[in-house]
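Here is a short briefing on one protein chain. Look over the sequence and the model, then work through the points by topic.

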Amino acid sequence: MASTSSTLTISSSSTPFDTKVPRHSAAPSPQCVTLPTLPPPPVQSQNRAGKTTAYCRKIARNVMAMATGEAPAEVATTELPEIVKTAKGAWEKVEDKYAVSSLAVAGVVALWGSTGLISAIDRLPLVPGVLEIVGIGYTGWFAYKNLVFKPDREALTQKIRDIYKDIIGSS
């Protein structure tokens, strides 16, 4: 059995970054690796430095105002959106906040688990096609049973109204 050996040589120069004179070899060999040089860093203008300094002063002023108990002008003029006010009011009315928080966390975990389950089922070879056919068949049966004829449509809308009243409650 014959063995082969290969060597890798890397050439180096005295300066690690030579941006003035680009080095080009006459014929690149398979042993040498050449990398492109990086462009020089961008020069920051005085305008940007002034903006950064002004921003830092603004933050320092806000921190000093908050430490003394004063409200900065920007914070005092902002108002909460209507949806945040509504959500805050609804949260204030809740008596058992622990149960509501637990249900919210359980809902998020259930949603995350169901997406994992659906993606696992979707990876199986024949199941997605079969489930699609079942869904199309059930949709057709539901439409024929409840939507084609007028008395069936009226019965369906009445059933939906009854369920809505049971959930919401009559006031």
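Confidence varies along this predicted model. Among the elements of the chain, helix H2 (residues 73–77) has the lowest mean pLDDT, 52, and H5 has the highest, 93. Here pLDDT is the predictor's confidence in each residue, from 0 to 100. The chain averages a pLDDT of 76, and 60% of the residues score at least 70. Where pLDDT is low, the predicted coordinates should not be read in detail.

**Ground rules**

- As the model is predicted, local features need pLDDT of at least 70 and side-chain atom pairs count only at pLDDT 80 or more, while totals for chains, interfaces and linings use all residues.
- Residues are numbered from 1 along each chain as its sequence is written, and side-chain values use heavy atoms, with hydrogens and water left out.

**Fold and surface**

- The chain has six helices and zero strands. Helices (H or I, at least four residues) and strands (E, at least two) are DSSP runs, numbered from the N terminus.
- Along the sequence the pattern reads α-α-α-α-α-α.
- Of the 171 residues in the chain, 2% are buried. Buried means under 20% relative accessible area, exposed over 50%, and partly exposed in between (1.4 Å probe, protein chains only).
- About 16300 Å² of the chain is exposed, and carbon and sulfur atoms supply 65% of that area. Areas come from the Shrake-Rupley method with a 1.4 Å probe; for residues, only the protein chains shown count as cover.

**Annotated spans**

- An unreviewed UniProt entry places the feature "transmembrane region" at residues 98–120 and 126–144. UniProt positions are given in the numbering used here, feature names are shortened, and annotations may be inferred rather than shown by experiment.
- Residues 98–120 are 100% helix and 0% strand, with end C-alpha atoms 33 Å apart.
- Residues 126–144 are 95% helix and 0% strand, with end C-alpha atoms 28 Å apart.

**Start of H4**

- Lys97 lies in helix H4 (residues 97–122). Lys97 counts as partly exposed because its relative accessibility is 32%.
- Leaving aside neighbours within four places in sequence, Lys97 is in contact with Trp91 and Glu92. Contact means heavy atoms within 4.5 Å.

**Aromatic pairs**

- The structure holds three aromatic pairs. Tyr138 and Trp141 form one that is tilted, at 5.6 Å centre to centre and 35 degrees between the planes.
- Rings of Phe, Tyr and Trp (its six-membered ring) pair if their centres lie within 6.5 Å; planes under 30 degrees apart count as stacked, over 60 as edge-to-face and the rest as tilted.
- Tyr138 and Trp141 are three residues apart in helix H5 (residues 127–146), so about one helical turn separates them. Tyr138 is exposed at 51% relative accessibility, and Trp141 is partly exposed at 46%.
- Tyr144 and Phe149 form an edge-to-face pair, 6.2 Å centre to centre with 75 degrees between the planes. Tyr144 is exposed at 55% relative accessibility, whereas Phe149 is partly exposed at 44%.
- Tyr138, Trp141 and Phe142 form one aromatic cluster.

**Asn146 and its contacts**

- Is Asn146, in helix H5, buried or exposed? Asn146 is buried, with a relative accessible area of 18%.
- Leaving aside neighbours within four places in sequence, Asn146 is in contact with Asp152, Arg153 and Leu156.
- Asn146 and Thr157 are eleven residues apart along the chain, and their C-alpha atoms are separated by 9.6 Å.

**Helix H6 and its end**

- Helix H6 (residues 150–168) has 19 residues and reaches 27 Å from its first C-alpha to its last, close to the 27 Å expected at 1.5 Å a residue. The expected span is 1.5 Å times one less than the number of residues.
- Gly169, just after H6, takes a positive phi of about 95 degrees.
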